[in-house]
Amino acid sequence: MATDQYVFDYVVVGAGTAGCLLANRLSADPAVSVLLLEAGGQDDWFWIDVPVGYLYTIANPRTDWCYKTEPDAHLANRSIHYARGRVLGGCSSINAMIHMRGQKEDWDHWASLGNPGWTWQEMLPLFQRLEDYEHGAVDTYGSGGEVRVEDPRVRWEILDAWRAAAGECGIAPIKVFNTGDNSGCAYFQMNQKKGVRWSATKAFLRPVMNRRNLTVVTQAHATRLRFEGRAAAGVEFRAGSDSRYAKASREVILAAGAIGSPQLLQLSGVGSGKLLQQFGIPVVHDLPGVGENLHDHLQVRMQYKVSGVKTLNQMVNSLWGKAAMGLEYLLFKTGPLTMPPSQLGAFARSDPQQPTANIEWHVQPLSLDKFGDPLHAFPAITPSVCNLRPTSRGWVRIKSNDAATYPEIKLNYLDTPEDRRVAVDGMRFTRRIMAARALAKYRPEEFRPGASVQSDKDLEKAAGELGTTIFHPIGTCKMGQDAMAVVDERLRVRGISACAWRTPRSCRASLRATPTLRPTRSPRKARAWCWRTARVRPPPPALPAAARACAGGTARRRRTARSG
Ligand SMILES: Cc1cc2nc3c(=O)[nH]c(=O)nc-3n(C[C@H](O)[C@H](O)[C@H](O)COP(=O)(O)OP(=O)(O)OC[C@H]3O[C@@H](n4cnc5c(N)ncnc54)[C@H](O)[C@@H]3O)c2cc1C
């Protein structure tokens, strides 16, 4: 049992996309104290800033939790690497930086399920308030907010040709996504500033590190929430070999992501009673939806060799190529080092019966076997296609009552006939684009899965062999009113802290606005993203000196910010 006790008004678990924003908004009121706990370390590593650094941060324990999924029958019984950021900034420090708000119909559908306040019309001004588009307030984007949005700083002839080929197949070129209807083909806009990653830390945390009422603790792994009755009282965490406890006099806010948040709830006694009893955890609240309903975008990574054109493969595999890219980046902050994995995107219907665009391509001027592996030596591209509205569902369930043991992550990818159908349709659509006139001069040659794979059955099998996550797990703390919902539309854990309390307005706005940084292509993603348990208590006590001392790794930065 942790004995060290610190008292804050708000204790936020997880300094990822949501946690950084919340820490910023909550600590804007100097009268309240905020503690932000992050299991990972500082984000001061070179490869976090350089956009192409995702090749080094993914599958690296320095920045990634390095989870593994359970083998899936329809994924050729494979278990796959499941990247999640474990560092200040969370996934926003290792992600692909694509700025995507999602589609209007998805938000509206989500609101219609009993979640008032979440329609596209209501979300749009919140997105705009957060954005800082490099061209100002045009193209529906906002200007002057914290989230920098910029155009790509590198162009590839082969991607321009792919865009023209998509146009031949009925996917019209458009200027920007994010207008509510994403149908079309465009270059992705990114969360970057002048060629450097613009993570949630840079947007929301660094500018406020000098606030005296904000304490950020890195290398602090939250292991359990403590409850008084049905009200969350605080968070136990491990800092190095020490066990500590931080009491929350107002709220505990969980922003530990789609894997970490349900795991922590289950460890704390909130979840399916049957599951918790298996591990001897006393049930605080039997809430069966915790960790269930996991779903994700499965990308089917078809790959094509091309000729007579530059791709990243040749550049990375040549000393001169690497030197040229490095020099261009150092001098101008342009070129391939500024690129996220995918620069060109396209949205379409996998078949005409679909009401709106339900598949998306991420087109990459490169190829590799899997993230973490070297790029191939020959010129090639990867027009990966994913189903935006998968119907297969999985779960996140603890495997032990020890917080250090990773939970079971079961996706059940391609479990439903509908998902297998969309995967096959998406692959056939990709082939039509690759066969279009605009790409003919590059003599594309499909090597994954290969031209011999033709029947629906074989394509289904190939989708299972080539498919992998595009890193968008959601749904494990579903928002709504039904029996499997975990939070209500104001993101309060259902059944916990039933007392009538009032959320500060600024906090509510933040909570609703943060999906900007998330892959909101499917609105269901946002359901899992951030939620909280709460209780109201008397006025906040002063911040104890001991709590400041526990800031550890952040103390240096805090002083720097002050002196600057
Ligand atoms: C490789 C990759 C590429 C992606 N590409 C894009 C993209 O291009 N565009 C886009 O919009 N989205 C993308 N995403 C998804 C997007 O980054 C995430 O959906 C979003 O960052 C999630 O925000 P979050 O705050 O919910 O969780 P996270 O950002 O995951 O933050 C959770 C934080 O909580 C911490 N944590 C977890 N458990 C504990 C604990 N017990 N104690 C203390 N701390 C804990 C974690 O270390 C982490 O820092 C990508 C994700 C990945 C991994």
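This section describes the cavities, the largest pocket, the salt bridges and selected surface and buried residues of a predicted model.

A search of the whole structure returned 4 cavities of 30 Å³ or more. The second largest has a volume of about 170 Å³. Its lining comprises 17 residues. Nearest the centre of this cavity lie L298, N387, P390, L414 and D419. Three elements give two or more residues to the lining: β17 (298–300), β21 (380–387) and α12 (417–434). The helix α12 gives the most, with 4 residues. By class, the lining of the second largest cavity divides into 11 nonpolar, 4 polar and 2 charged residues. One of the charged residues is D419, which belongs to the group nearest the centre.

The largest pocket has a volume of about 450 Å³. It is lined by 20 residues, and those closest to its centre are R78, D369, K370, F371 and T468. At least two lining residues come from α14 (456–466), and at least two from β25 (467–469). The lining of the largest pocket holds 7 nonpolar, 6 polar and 7 charged residues. Among the charged ones are R78, D369 and K370, from the set closest to the centre.

The whole structure contains 28 salt bridges. In one of them, D49 pairs with K202, with the closest N and O atoms 2.7 Å apart. This pair links distant parts of the chain. D49 sits in helix α2 (residues 46–49) and K202 in helix α7 (residues 200–205), at a separation of 153 residues. The partners fall into separate exposure classes. D49 is partly exposed, at 28% relative accessibility. K202 is buried, because its relative accessibility of 12% falls under the 20% limit.

A second salt bridge joins D108 and K104, where the closest N and O atoms are 2.8 Å apart. Both residues belong to helix α4 (residues 104–112). They are 4 residues apart, so about one helical turn separates them. D108 is partly exposed at 24% relative accessibility. K104 is also partly exposed, at 34%.

A third salt bridge connects the side chains of E236 and R224, at 2.9 Å from N to O. E236 lies in strand β12 (residues 231–239) and R224 in strand β11 (residues 220–228), so the contact ties together parts that are 12 residues apart in sequence. E236 is buried, at 9% relative accessibility. R224 is partly exposed, with a relative accessible area of 30%. Elsewhere, salt bridges with shared partners join D132, R148, E150 and R153 into one network.

Two buried residues were examined for contacts across the sequence. A203 is found in helix α7, the helix that also holds K202. The relative accessible area of A203 is 4%, so A203 counts as buried. A203 and N24 are separated by 179 residues in sequence, yet their C-alpha atoms are 9.4 Å apart in space. Helix α7 thus takes part in two relations across the sequence: the salt bridge from K202 to D49, and the C-alpha pairing of A203 with N24.

L126 lies in helix α5 (residues 120–130). This leucine is buried too, with a relative accessible area of 8%. L126 and G142 are 16 residues apart in sequence, and 9.3 Å separates their C-alpha atoms.

The surface carries a nonpolar patch formed by L327, L330, L331 and F332. Together these residues have about 470 Å² of accessible area. L330 lies in helix α11 (residues 319–332). With a relative accessible area of 63%, L330 is exposed, because the class begins over 50%. L330 thus contrasts with the buried leucine L126, whose relative accessible area is 8%.

Terms used:
Residues are numbered from 1 along each chain as its sequence is written. This is a predicted model: local features need pLDDT of at least 70, side-chain atom pairs count only at pLDDT 80 or more; totals for chains, interfaces and linings use all residues. Side-chain values use heavy atoms; hydrogens and water are left out. Patches are made of residues with over 30% relative accessible area and no salt bridge: like charges are joined within 9 Å, nonpolar side chains (Val, Leu, Ile, Met, Phe, Trp, Tyr) within 5 Å. Accessible areas come from the Shrake-Rupley method with a 1.4 Å probe; for residues, only the protein chains shown count as cover. A salt bridge is a side-chain nitrogen of Lys or Arg within 4 Å of a carboxyl oxygen of Asp or Glu. Buried means under 20% relative accessible area, exposed over 50%, partly exposed in between (1.4 Å probe, protein chains only). On a 1 Å grid over the protein atoms alone, a cavity is a set of points where a 1.4 Å probe fits but cannot get out, and a pocket is an open set with protein on both sides within 12 Å along at least five of seven lines; lining residues have an atom within 4 Å of a point. Grid points are joined across faces, edges and corners, and a volume is the space filled by probe spheres set on the points.
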